[in-house]
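I wanted to look up how the ligand is held by the protein, and I kept my notes in the order in which I went through the model.

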Amino acid sequence: MSTIELSNRQEKIMQIVKDFGPITGESIAEKLCLTRATLRPDLAILTMTGFLDARPRVGYFHTGKNSNHLLAEKLKKMVVEGYESTPVLINENVSVYDAIVTVFSEDVGTLFVTDSNSHLVGVLSRKDLLRASIGQQKLSTLPINIIMTRMPNITTCQKNDLLIDVAKKLINAQIDAIPVIEEAANGIKVVGRITKTNITRVFVELTENDG
Ligand code: ADP
């Protein structure tokens with residue numbers, strides 16, 4: 001990934017090549033009302049830095065490499081919807097023992113705890129379960145609502161929130177997962193989950209797609 005700052009004219013050339021490429025140097029010059037000779041240094045820089053590639057008799061084309069600026073712009077527009085995972089919900093009255101079994105069977109690190117109306121009442125993490133396990137309590141009779149982190153102290157997000165803001169919430173709250181919620185008439189429904197894994201997936205995806 002190049003961090004080279006492009007001049008205004010180079011940005012224009014990039015846009016033309018993106019829109020019309022493959023395109024000859026002559027045609028780019030024509031669109032900018034400049035001569036081919038004037039453009040030559042810019043085209044040389046853009047090819048050398050790897051933003052553009054050129055093939056004889058074909059012309060210039062976009063290599064798919066993005067400037068950091070374009071990458072950041074793209075990232076800042078991404079929202080939760082489309083990147084969330086399925087949430088794993090568990091009733092508040094089940095035992096810590098059953099919650100531990102669920103963590104294994106569902107292969108998740110965080111469970112979202114709901115009441116009998118399927119409304120969000122708490123969150124249960126692996127460390128919450130470990131803490132209870134090293135205590136003296138009997139795990140098969142200890143209900144999870146005793147040990148969970150409870151509402152209103154739950155960090156949540158919604159489908160149209162920006163992913164970058166959710167990533168910041170994960171960091172600031174020092175947590176692994178955030179429930180994606182919808183406000184219902186008399187409570188909160190959990191419709192998804194964003195974890196550090198989802199954010200990591202976005203990170204990888206950004207390097208694979210071009211602008
Ligand atoms: P772990 O405890 O396995 O490292 P986390 O870092 O996610 O997992 O959890 C740390 C603490 O924060 C736990 O007590 C957990 O109940 C709580 N927690 C986890 N997710 C949330 C959330 N979205 N909102 C509020 N508290 C949370």
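The entries below go from the domains to the ligand and its surroundings.

Entry 1, domains. I kept in mind throughout that this is a predicted model. I looked up the domain assignment, which gives domain 1 as 8-67 and domain 2 as 89-204, and I noted that the C-alpha centres of domain 1 and domain 2 lie 50 Å apart.

Entry 2, ligand site. I then asked where the ligand sits, and found it in the largest pocket. The elements that give two or more residues to the shell around the ligand are β5 (120-125), α6 (126-133) and β7 (177-184), and α6 gives the most, with three residues.

Entry 3, shell residues. I listed 14 residues around the ligand, of which S125, K127, D128, T149 and D176 come nearest. By residue class, I found that the shell around the ligand divides into five nonpolar, five polar and four charged residues.

Entry 4, polar contacts. For the contacts I took N or O pairs within 3.5 Å. I found that T149 has an N or O atom in its side chain 2.6 Å from an oxygen atom of the ligand, whereas for Q174 a polar backbone atom is what lies 3.3 Å from a ligand oxygen. The backbone also enters at D176, where a polar atom is 2.8 Å from an oxygen atom of the ligand.

Entry 5, cover. Last, I looked up how much of the ligand the protein covers, and noted 84% of the 540 Å² of accessible area that the ligand has on its own.

Conventions: Residues are numbered from 1 along each chain as its sequence is written. This is a predicted model: local features need pLDDT of at least 70, side-chain atom pairs count only at pLDDT 80 or more; totals for chains, interfaces and linings use all residues. Side-chain values use heavy atoms; hydrogens and water are left out. A residue is near a molecule or strand if one of its heavy atoms lies within 4 Å of it. A polar contact is a pair of N or O atoms within 3.5 Å; within protein, one must be able to donate a hydrogen and the other to accept it, and residues adjacent in sequence count only if both atoms are side-chain atoms. Accessible areas come from the Shrake-Rupley method with a 1.4 Å probe; for residues, only the protein chains shown count as cover. On a 1 Å grid over the protein atoms alone, a cavity is a set of points where a 1.4 Å probe fits but cannot get out, and a pocket is an open set with protein on both sides within 12 Å along at least five of seven lines; lining residues have an atom within 4 Å of a point. A molecule sits in a cavity or pocket if more than half of its atoms lie within 2 Å of its grid points. Helices (H or I, at least four residues) and strands (E, at least two) are DSSP runs, numbered from the N terminus. Ala, Val, Leu, Ile, Met, Phe, Trp, Tyr, Cys and Pro count as nonpolar, Asp, Glu, Lys and Arg as charged, and the others, Gly among them, as polar. Domain bounds come from an automatic or database domain assignment.
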